[in-house]
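Here are some short exercises to try on this structure. Have a go at each one before you read its solution.

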Amino acid sequence: MILTLSHQKGGVGKSTVAWNLAVHFSSIIDTRIIDLDTQRSLTVTNALRQENNLTPIKMLHFNSAEELAEYAAHDSADTLTIIDSGGFDSAYNRVAIIASDLLITPVSDKPFDLMGLQKYEDILKSLSEIQGERIKTHVLFNNINPSMKRFGELVEFICMSDHFELMVSILRQRVDIAHSVGEGKSIKEYRIFSRADQEMDDLFSEVSAILNIK
């Protein structure tokens, strides 16, 4: 199975969500990470994890988009590959999108995220035409102000698109999240039973249901 955190806009929290998903599912299924982000955030976080005497997550690297496509072609239900795509459009990211069993696109409540989502929809439309099938991503509200309850035109836009499906889970701004990644830990390893941990648990359950991971 391949799960990709994908958005052509940077700074939306793809790496943080990918990291927490990878640490969680690594205790349930053979899990690997592919770090396509130019900042190599997950590669650095995984190194911090080793420094803190925690079991590192398997990391995979490819020298070309063709190599990534070859790996994806031999994907199986016995493994979970989590891809952290870069915040840009590239051959690597397009291969990841097409190969994925589940696409997740984090967005915040900031106005620029709506514009970014519109551009990302154009990419999905283009790839859908090439593939001859509709490619859909699951939109995750991430890094949301804890006091915010309504999402206005962002929800309307998501619901109107054939390429977006809104996730039930919501991840809000929590100080613990940044601190945990800085130590190479998941939020659960850093502070169990916190609000951030509970919100991540909701996401884990939702992803497990979609991918039928038990």
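**Exercise 1.** Work out which residues on the other side of H2 are exposed, and which residues of H2 are buried.

Start with the outside: Gln 50 and Glu 51 are exposed (over 50% relative accessible area, 1.4 Å probe, protein chains only). Next, look for the buried ones (under 20%): in helix H2 (residues 41–51), they are Leu 42, Thr 45, Asn 46 and Arg 49. Looking down the axis of H2, these buried residues fall within an arc of 100°, so they line one face of the helix. Their cover includes helix H1 (14–25), strand S2 (30–35) and H7.

By the way, this is a predicted model, where local features need pLDDT of at least 70, side-chain atom pairs count only at pLDDT 80 or more, and totals for chains, interfaces and linings use all residues. Residues are numbered from 1 along each chain as its sequence is written, and side-chain values use heavy atoms, leaving out hydrogens and water.

**Exercise 2.** Find out whether Asp 176 is buried or exposed, and which side chain its own side chain makes a polar contact with.

First, place Asp 176: helix H7 (residues 175–182) holds it. Then check its relative accessible area, which is 13%, so Asp 176 is buried. Finally, follow the side chain of Asp 176 to that of Arg 191, with which it makes a polar contact at 3.3 Å (a pair of N or O atoms within 3.5 Å, one able to donate a hydrogen and the other to accept it).

Definitions and conventions
Helices (H or I, at least four residues) and strands (E, at least two) are DSSP runs, numbered from the N terminus. The arc is that of the directions from the helix axis to the C-beta atoms. Contact means heavy atoms within 4.5 Å.
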